[in-house]
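The following exercises concern helix packing and sheet architecture. Please examine the structure before reading the solutions.

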Amino acid sequence: MNKQELANKIWKTANDMRSTIEANEYKDFILGFIFYKYLSHQEVKFLKDNDFADEDIKELTEEDTETVEFIQKNIGYFIDYNNLFSTWIEMKKDFDISNVRDALNAFDRLIFKSHKKVFDNIFKTLQEGLSKLGKDSKSQTSTASSLIQTINEIPMDEKQDYDVLGFIYEYLIEKFASNAGKKAGEFYTPHEVSLLMSEIIADYLGDREGIKIYDPTSGSGSLLINIGHSVAKRMNNSDNIKYYAQELKENTYNLTRMNLVMRGIKPDNIVTRNADTLEEDWPYFDDSNPDATYDPLYVDAVVSNPPYSQNWNPTDKANDARYNRYGLAPKGKADYAFLLHDLFHVKPDGIMSIVLPHGVLFRGGEEGEIRKNLIEYNNIDTIIGLPANIFYGTGIPTIVMVLKQKKDNDDVLIIDASKGFMKEGKNNKLRACDIKKIVDTVRERKSIHKYSKVVSREEIRNNDYNLNIPRYVDSSEEAEHWDIYASMYGGIPKEEVNALKEYWDVFPNLKEALFKETNSKYVELKVEDIKESVKQNSDVKEFEEQFKNAFDSFGGFLKQNLIADIDNVQITKEEEIITEDVFNRLVNVPLIDKYKAYQLIDEEWHEVSTDLEMIQTEGVSCITKVDPNMVVKNKKEVQEGWVGHIIPFDLVQNTLLKKDKDAITHTNNLISEYDSQLSDLVEGISEDDKEEELFNEAGDAFVPKELDKKVKEIQEQITSPEIEALQHYLELSKKADKESFVYNNPQVDWNKMDGNNGSYSKSVVNNYIKALREEHSFDEDSYEYILCKASSILEKQKSLKSQVKKDAEALEKKTKKTIEALTDEQVNYLLNKKWIESLIGNLFKLPVEIVDELIKSVEALKKKYETTYFDIEKEIKETEASLCSMIDDLVGDEYDMKGLSELKSLLSGE
């Protein structure tokens, strides 16, 4: 299975074991065990790289001080063989929770002195929480054992070095965050927001050879890691990135360190602190050696998602270098305290990005003064309004603010990105296209109608330094208005037709083809079939042809980039290469939203990149590999068929084995046809005739077992001279009597049975009787006919279902063999089908969607003014007249007639 499937499985298994433990606490157990597995693996890998045999590793003990020191100096810690994660797995039933306690205690004791700050007390949360895994040692052992068995499925061999561990770790953190409610905000920034901030910062830092990045409220460390990942795509050596992190809560601080270490970041590049950011600024020196270690922390980028509007203590902070230039944030809201802390640590050519609540844009008092100073000192670069309900644990709208120490411009870019998202569960989520559009807008620094505006400092001053986004960017939907004249007299206002100007600019002849002028301000449609007229228009066809021509060579481009040299595709950069190519192709194609195209690319890329990662790490032979399809049944994992490791079974069946697949599809269609026939038969039975036991509770389907019994009863009552004669024959025992009976009863067609010298066995005769009864014709309207026909259909359907099952099993075996024997040519053909044809097919829907949107808009205009006020008035009068004539036909007593007379007067307007 790929890394996403594995992550899903581990989450489900682990969460099923969670029982009553809070999600926010449970994460510390599973993430801690994963980290311990990682450290164990790293030690074993280091030893094998240095020619230690398995037997040598098994001899490793704390008493071998020389070897211990050798290992410590190289990886920063030492784990005894008996304490390795893999040893716990090998122990099976002998494993005990005490093994974990002993191992974690030993780990703390054996950290190398140069790595103390990275590893010291990193397992403290796990150590102190083990008792929560169960009420006693036995239950704790059972839960821990299940957890480590689940975690053991995470691959860490050389073939799986493509950040599977990091992906699963981040995925589990996000899943725990979504289950932790308000507590999620303590440690997690949604991946999409993190990615947005990272791309903005990475884009600004460009191709710098080395950078320092800092998160003063680091949480899980995902913001730092994402920045590192984004920057690494643009630089030659990712080891030239240094990570600084500070976190107040100890368990979350441990999470930061674990996450950073597991991403393969060198310990020398990790500098972390467990401290209060606002009360204890980053130390300028090491307390043990202040003179030699004096080093003010100024970095290339600061990124943070601090707790919103938190209380803090500004007492005695007036002279703090972080705040004295701008002012002190109020006691009840530390938002600007965090912002100014971040800004203070940014280098003159650096950048910072911070998530804050909307209130920081317009609140007055001390915050208003700080905001004014930030504007006047020209620090605020960009403000991005995010969708509401995008963070776990809070639904409040938030912003991302980008600041710099020095800017080349003195304006502020304001973006309202609050409308771009998708709904996922209870939360909103930024899509890839939303992130791309924001990042591009920041890079190009441009004003876009109803989306962004570059605002001058003078305009901000005129607004008294209020930065509330709606003051500058109106992203509200245009209110629909109705033309009074058109509503009364009909016609379509030219003004509303002209509102579709972007279409008419591209289809100049279409407007005239659709509308004719009735007077200087109104038009009417001159075609009956709007859809057909638009589709057949020469301008529209030219537009579709223009798109087709732009993408004619796109398939070849993708084949060359993704398949021709599959081992050397640069996965981290290829999506950007493909995107740039698509955007270039769209430059001269009007109307198409390039960000819709980007979303399609990104959605396809998730699957393509996952496949490429496996192919490049496991070798191209994995393309022709099949895996057991493991499913959980009765709480046990069992195999249920096979799945393709890279190539899906259904893709092979729909291409190389299409004939076999079509045969099964045909049989399934017959089964469906029988279902339809059965439904018709059920509908043909009146409710009075329905015998309850023959039908399900809903009364819309037969119960096969009960139907068979009933049909058997009906058929047993069917008789004829031939059947009666056969029943007499069955009563005979002597052969001579039987032969005589056959001779004297010509009404029986004896030739239709297999006899033995004029004698017929009971089974043969009974089967013939059954066949005669089944051939009996009931009246087609009769209850008996319907039941017998239904029984016959069910029997045929049962046979077909059995055949489908056999054919499907045979096809699965054939598919497995086909995948395992694929030629290079077939592999390329199937990868092209899976990766490329799907993307191209979706891209080619874009011009169709544009045309369909225009058709809907024109049809909406037609419908809007199709019925005038006079039409409605006329219809009302006609209805009233019709009611009046009906009243004349009514009869009743004196009071009824008086009431009807008054109603008639009202309707006729008298």
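**Exercise 1: a helix pair**

The crossing of H37 and H38 is left-handed, that is, the near helix is turned anticlockwise from the far one by less than a right angle. The model is predicted: local features need pLDDT of at least 70 and side-chain atom pairs pLDDT 80 or more, while totals for chains, interfaces and linings use all residues. Residues are numbered from 1 along each chain as its sequence is written, and side-chain values use heavy atoms, without hydrogens and water.

Task: determine which residues make the contact of H37 with H38, and describe how the two axes are arranged.

Step 1. Contact (heavy atoms within 4.5 Å) is made by Glu880, Leu883, Cys884, Ile887 and Asp888 of H37 and by Leu900, Leu903, Lys904 and Leu907 of H38.

Step 2. These residues comprise six nonpolar, no polar and three charged.

Step 3. The axes of H37 (residues 869-888) and H38 (residues 894-907) come within 9 Å and cross at roughly 160°. The helices are therefore roughly antiparallel, a term for angles over 145 degrees.

**Exercise 2: one residue of H34**

Task: state whether Glu809 is buried, partly exposed or exposed.

Step 1. Glu809 lies in helix H34 (residues 783-820).

Step 2. Its relative accessibility is 42%, so Glu809 is partly exposed, which lies between buried (under 20%) and exposed (over 50%), with a 1.4 Å probe and protein chains only.

Step 3. The C-alpha atoms of Glu809 and Gly641 are 8.7 Å apart, although 168 residues separate them along the chain.

Terms used: Axes are lines fitted to C-alpha atoms, for helices over the stretch in contact, and angles run from 0 to 180 degrees between N-to-C directions. Helices (H or I, at least four residues) and strands (E, at least two) are DSSP runs, numbered from the N terminus. Angles under 35 degrees count as roughly parallel, over 145 as roughly antiparallel, 65 to 115 as roughly perpendicular and the rest as oblique. Ala, Val, Leu, Ile, Met, Phe, Trp, Tyr, Cys and Pro count as nonpolar, Asp, Glu, Lys and Arg as charged, and the others, Gly among them, as polar.
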